[in-house]
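Q: Got a minute to go through this one with me? I'd like to talk strands and pockets.

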Amino acid sequence: AQIRYSIPEELTRGAFVGNIAKDLGTDVAKLAAANLQVLSDSDSQYFSVNVNTGVIMVSERIDREQLCGQNPRCFLHLKLAIENPVEFYRIEVEILDINDNPPEFPSDEVSLRIYELASLGARFPIQPAQDPDVGTNTLQTYHLSANENFNLNVKARTDGGKFPELVLERALDRELRAFHHLVLTAEDGGSPPQSSKTHITIQVLDANDNHPVFDRPSYGARLVENSPLGTLVVKLNATDVDEGPNGDIRYSLSSHNSAALRQIFAIDEQTGEIRVQGNLDFEEATVYEIEVEAKDMGSPTMEEHCSVVVEITDVNDNAPEVVLTSFSSSLSEDAPPGTVVAVIHVRDRDSGEQGKVQCHVSPDLPFQLRKDYEHQYSLLTSTRLDREHVAYYNVTVSASDLGSPPLSRHTILPIALADVNDNAPQFEQESYEVLVAENNPVGSVLVTVSAADPDSEQNSRLSYSILLAGGTDPGLDPTRYLSIHPTSGQVSAKFPFDYEQTTYLQFHVEVSDGGSPALRNRTLVHVFIVDQNDNAPQVHFPRAGEDFATQFRISPSTTPPALITKVVAIDADSGRNAWLSYHLVEATDPGLFSVALRSGEIRITRALQETDASAHELLVVVRDAGEPPLSTAITLVVLVEEKGPEALQGSQAQAADGGGLPTITLYLIVSLVLISTVSLVGLAALGVRCL
């Protein structure tokens with residue numbers, strides 16, 4: 001059952017939520033005796049139940065905004081657990097919003113800067129207020145204080161958000177008024193409504209009427225070639241007597257400069273610092289002349305120009321060059337040590353000691369350099385390789401000259417290792433155990449076996465198959481019952497299992513990779529069939545036809561508790577599904593006969609009287625203990641005759657006509673006697689041991 005309550009947020013501790021005993025129609029005393037417990041789906045225990053009264057109360061403060069945020073509906077879910085018998089009740093408590101939060105602006109002060117020549121109708125958005133409440137309790141409208149220049153426009157979004165913006169309705173004049181002070185009010189729709197305010201300060205900016213001026217008409221600097229990137233060349237300085245953006249200066253390289261010069265030098269637009277961002281080469285250029293311009297941020301902008309002359313001083317500026325004469329980017333992981341990967345030629349355009357080159361690679365890599373000639377090296381493998389450990393190498397070959405300071409160049413050789421099928425697939429588990437209920441759907445997935453292969457591509461492509469496990473009866477060939485998807489490893493049933501025929505299957509799953517030759521591995525799978533209550537009890541005695549009921553005769557002098565007959569039934573299921581009980585459902589005289597619940601014995605319960613009927617029809621139902629239970633009914637007719645045998649003699653005569661009691665009945669009687677004997681002997685032995 002499920003019960004729903006609705007309460008407002010922020011209730012005090014102990015506040016009434018609902019009476020669970022009344023709403024369930026249950027006595028309070030029964031709830032207390034049944035060990036009533038409250039289970040919450042959340043980490044906090046917001047509610048408690050008084051087991052003496054059945055009343056649910058608030059035990060902690062509930063803040064709807066903290067629980068559900070902006071969701072329009074907010075629920076807390078509880079479970080009530082009752083023992084003897086075990087029952088669960090779901091309770092859904094809806095938390096209703098109250099107007100406990102006013103709209104809040106991000107800041108109490110807002111500053112805007114507006115150009116005095118701004119056009120009429122220009123819009124200036126304001127940071128909106130936020131109200132964590134929902135529905136009518138959330139933000140509804142804005143109000144702007146009275147002024148001569150601005151109106152308020154509120155934009156509504158599809159998600160319900162409202163964003164205020166100022167609209168310029170009358171032209172600004174900085175000389176007349178440089179600052180405007182407004183008050184914006186946000187109000188929600190609660191009862192009573194709550195509100196908050198923010199103060200808006202608008203600064204009117206001046207128009208641009210002065211151009212920047214450099215402190216000198218030209219600048220000069222001297223640098224050595226190969227200066228580090230970021231080296232400061234010169235810092236320019238220009239000023240503008242305007243204020244605000246009209247006096248804010250931005251520096252840039254003039255469009256008159258070549259593209260090559262722009263790649264070598266860069267200027268910071270804020271500070272006017274010119275720095276090196278490319279390679280300075282004395283052999284290419286000894287002097288650079290840079291044209292620079294300074295612009296203010298007014299509208300329209302005004303600018304000024306100047307030139308910077310940079311002289312370059314010659315140094316050892318030619319780094320060695322590395323040329324790959326031969327190179328293989330792919331290498332088999334089983335390549336032996338000493339395998340040649342690349343042949344490298346090095347050169348330096350400088351002369352003397354500055355033109356001599358030395359090469360080396362990192363000693364942490366499984367590669368080494370061998371010098372073949374003055375300017376030629378070979379890159380070799382130095383140890384065994386394993387792709388599963390490291391699949392890819394970036395080998396950096398460093399070449400350095402003997403100049404002062406020395407120059408070097410680094411060349412990265414990407415080397416990928418080609419896979420060799422040297423790893424067999426490995427299952428995630430050594431064995432799998434599966435429980436399958438009988439009468440399963442055809443094609444249902446019983447288990448998914450999974451294996452992994454650290455190899456790559458074709459060598460890691462796995463396929464699965466089912467094999468007969470060693471020691472398994474060939475008649476229980478698993479391929480008759482099961483199939484496996486060759487790539488996913490899903491084991492499926494070909495047809496429903498019958499517990500009464502098969503209770504257990506055992507088989508191997510073999511996985512093989514796609515290498516050549518292929519590598520394999522196996523895992524053992526145990527499938528246990530779980531019995532279902534799919535067989536109704538079968539009555540073995542007395543045997544009744546389809547069109548007639550079994551008759552028994554008793555004498556009118558039969559006295560209780562005489563045995564009339566015994567109903568014997570068998571259930572093909574097992575366990576609880578085969579536990580049988582016998583019930584007398586209908587009888588001509590319900591008080592005259594009784595049926596033993598477990599044995600099925602039918603006995604007379606009182607002495608016969610002259611007023612009793614001469615024929616009694618009994619409807620006996622045999623029911624198992626499965627879920628849901630299955631049953632079988634049998635109809636017996638007991639005839640009261642003067643010449644009839646007494647009580648059990650009637651059943652004996654009937655049994656004699658049918659060829660005697662069924663063999664299964666005899667087995668049951670013998671088994672009962674043996675079990676009773678063994679139990680008595682065991683109890684006697686235990687008593688002797690205790691003495």
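Q: Which residue of β38 does I484 stand opposite?
A: I484 faces V491 there. Keep in mind that this is a predicted model.

Q: And how many bridges join β37 to β38?
A: Three, with β37 and β38 (residues 490–493) running antiparallel.

Q: What sheet are they part of, and in which order do the strands come?
A: An open sheet of three strands, ordered β34-β38-β37, with antiparallel pairing.

Q: Why is one side of β34 and of β37 left without a neighbour in the sheet?
A: β34 (445–448) and β37 (482–484) are at the edges and each has a single partner strand, so each has one side with no neighbour in the sheet. From one strand to the next, the twist averages 25°.

Q: OK, switching to β14. Is its pairing with β8 parallel or antiparallel?
A: Parallel: seven bridges connect β8 (residues 109–115) with β14 (residues 195–205). One residue pair to look at is S111, whose bridge partner in β14 is T201.

Q: What about β13 and β14, parallel or antiparallel?
A: Antiparallel, over nine bridges, with β13 covering residues 179–188. E187 has S195 of β14 as its bridge partner.

Q: How many residues does the hairpin between β13 and β14 go through?
A: Six residues make that connection.

Q: Pockets now. How much space lies in the largest pocket?
A: About 420 Å³. It has 16 lining residues, and K566, R598, S599, L668 and L672 are the closest to its centre.

Q: Which element gives the most to that lining?
A: α7, with five residues in the lining of the largest pocket. The elements that each supply at least two are β44 (568–570), β45 (580–587) and α7 (663–690).

Q: How does the lining of the largest pocket split by class?
A: There are 10 nonpolar residues, three polar and three charged.

Q: And the second largest pocket, how much space lies there?
A: About 320 Å³. This pocket is lined by 16 residues, and those closest to its centre are Q70, T138, G160, G161 and K162.

Q: Which elements give two or more residues to the second lining?
A: β10 (139–144) and β12 (162–168).

Q: What's the split by class in the second largest pocket?
A: Its lining has five nonpolar, seven polar and four charged residues.

Note on methods
Residues numbered from 1 in each chain as written. Predicted model: local features only at pLDDT ≥ 70, side-chain atom pairs only at ≥ 80, totals over all residues. Heavy atoms only, no water. 1 Å grid on protein atoms, 1.4 Å probe; cavity = no way out; pocket = protein on both sides within 12 Å on 5 of 7 lines; lining within 4 Å. Points joined across faces, edges and corners; volume = space filled by probe spheres on them. Helix = DSSP H or I, 4+ residues; strand = E, 2+ residues; numbered from the N terminus. Nonpolar A, V, L, I, M, F, W, Y, C, P; charged D, E, K, R; others polar. Pairing = 2+ DSSP bridges. Axes fitted to C-alpha atoms, helices over the stretch in contact; angles between N-to-C directions.
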